[in-house]
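Please work through the following exercises with the sequence and the model at hand. Each exercise gives a task, followed by a solution in steps.

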Amino acid sequence: MQRAQTATGTMDFSAMGPTLIHEHIYVGGPGWQFDLKAPKYVRSDLIARCVDKLQEMQAHGCHTIVDPCPMDLGRDVEFVAEVAQRSGHNIILATGVYTEADGIPSTFRTLPTEAILELYVSEITEGVGDTRIKAGVIKIAAGEHANNAYEERMTAIAAEASRLTGVPIVSHTHIATFGHEQLDVIEAHGGCANCTVVGHSGDRDDHDYQRSIAERGAYVGLDRFGLEMVLPDDIRIRNLMQLVEAGHRDKILVSHDHVICLLGRIGPMMVDMAPNWSLTRIFDYVMPQLKKLGMPQADIDHILIDNPRTLFTNAAAQVLAGQSQARESATAK
């Protein structure tokens, strides 16, 4: 299958165009609604805000984002589908879960592994609950410490679901740590590095780490441009250039990890904490800086257009490879 699943239907990989690999329409940390200081939730106002922000990005020729919001961070697929329909934007949703510390792990600790795998596959092939809105990527997450038993188990399930369904894995890491541990688990359970984005790999000034992720065949998620309180954009840009100069242009994916509707009191706070954090920072600032540093437009287009498409193509190829192996085994018998 050479089609990506979006919130409003399927899309040929060739039609993805410039794609931001890690953005969020709507995120709410567990329990945000119990904070009496949280801004009032008005669904219609939030949808209007999302449509406006996506249209700002479309003015730069970008019509596709991946929204890897996991099911335990307030994921609302019907909200996102309405935003996608009104804006005309391609939004690829996720199945999967967040870290043990910051998600809602109690149910998944008690469910059998096969039940969670069935859930992931069902959300990809049939839809989330009764909505018929399907996920197109799988989210995994690692916290501040090396993958614990819960996170390893959920990553292993994601690897199996990716292999069965042919969709990519998008990860969260804590300040560019433990990406290799995630890849170890994925590969040990039949998944592929070249179907995986190791998220937030640009959050430290660590070229060796970023290069080592690319050398394993995985995609390096330089996906937090604008979050300058974590690492200034000029350092992120320099690290991107170093990866290209080291021969890893094909393994870079970019984004902002921007959240249009960040529920709770943290949402308004982020405006002051990260004034340059937006869906257009890459187009407004990063791309012009890359050009000043000598990067040709062809390389920028390759990173924004070709690399996301290849990630999805690689993931889809897993299913074909599995079918081929099954036929060979049947013939051998």
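**Exercise 1. Classify Glu160 as buried, partly exposed or exposed, and describe its salt bridge.**

Step 1. Glu160 has a relative accessibility of 22% and therefore counts as partly exposed; buried means under 20% relative accessible area, exposed over 50%, and partly exposed in between (1.4 Å probe, protein chains only).

Step 2. The side chain of Glu160 meets that of Arg163 in a salt bridge, at 2.5 Å from N to O. A salt bridge is here a side-chain nitrogen of Lys or Arg within 4 Å of a carboxyl oxygen of Asp or Glu.

Step 3. Arg163 is partly exposed as well, with a relative accessible area of 31%.

Step 4. Glu160 and Arg163 are 3 residues apart in helix α5 (residues 149–165), so about one helical turn separates them. Helices (H or I, at least four residues) and strands (E, at least two) are DSSP runs, numbered from the N terminus.

The model is predicted: local features need pLDDT of at least 70, side-chain atom pairs count only at pLDDT 80 or more, and totals for chains, interfaces and linings use all residues. Residues are numbered from 1 along each chain as its sequence is written, and side-chain values use heavy atoms, with hydrogens and water left out.

**Exercise 2. Determine which parts of the chain are linked by the salt bridges of Asp233 and Asp299.**

Step 1. The side chains of Asp233 and Arg281 meet in a salt bridge with an N to O distance of 2.7 Å. This pair links distant parts of the chain, with Asp233 in helix α8 and Arg281 in helix α10 (residues 281–292), 48 residues apart.

Step 2. Asp233 is buried at 0% relative accessibility, and Arg281 is buried at 13%.

Step 3. Asp299 forms a salt bridge with Arg249, in which the closest N and O atoms are 2.7 Å apart. Here too distant parts of the chain are linked: Asp299 lies in helix α11 (residues 297–332) and Arg249 in the loop between α8 and β12, 50 residues apart.

Step 4. Asp299 counts as buried at 15% relative accessibility, whereas Arg249 is partly exposed at 27%.

Step 5. Asp233 and Arg281 also belong to a network of salt bridges that includes Asp203, Arg224, Glu228, Arg236 and Asp257. A search of the whole structure finds 22 salt bridges.

**Exercise 3. Describe the backbone and the surroundings of Asp257 and Ala176.**

Step 1. Asp257, a member of the salt-bridge network, has a positive phi of about 55° although it is not a glycine. Asp257 lies in the loop between β12 and β13 (259–262) and is buried at 9% relative accessibility.

Step 2. Ala176 likewise has a positive phi, near 55°, in a residue other than glycine. Ala176 is found in the loop between β9 (169–172) and α6 (179–188), and at 0% relative accessibility it counts as buried.

**Exercise 4. Trace the pairing and the connections around strand β11.**

Step 1. Strand β10 (residues 196–198) pairs with β11 in the parallel sense over 2 bridges; two strands pair if DSSP finds at least two bridges between them. Val198 stands opposite Val220 in β11.

Step 2. β11 and strand β12 (residues 252–254) pair in the parallel sense over 3 bridges, and Leu222 stands opposite Val254 in β12.

Step 3. β10, helix α7 (residues 207–215) and β11 make a right-handed β-α-β unit. A crossover is right-handed if, with the strands pointing away from the viewer, the path from the first strand over the helix to the second runs clockwise.

Step 4. A further right-handed β-α-β unit is made by β11, helix α8 (residues 233–245) and β12.

Step 5. In a regular strand the side chains alternate between the two faces of the sheet. Within β11 (residues 219–222), Tyr219 and Gly221 point one way, Val220 and Leu222 point the other way, and all are buried.

**Exercise 5. State the strand order of the open sheet that contains β5.**

Step 1. The open sheet has 3 strands in the order β3-β5-β6, with parallel pairing. Its edge strands are β3 (19–20) and β6 (90–92), each of which pairs on one side only.

Step 2. Strand β5 (residues 64–66) is joined to β6 by 3 bridges, and Val66 has Ile92 of β6 as its bridge partner.
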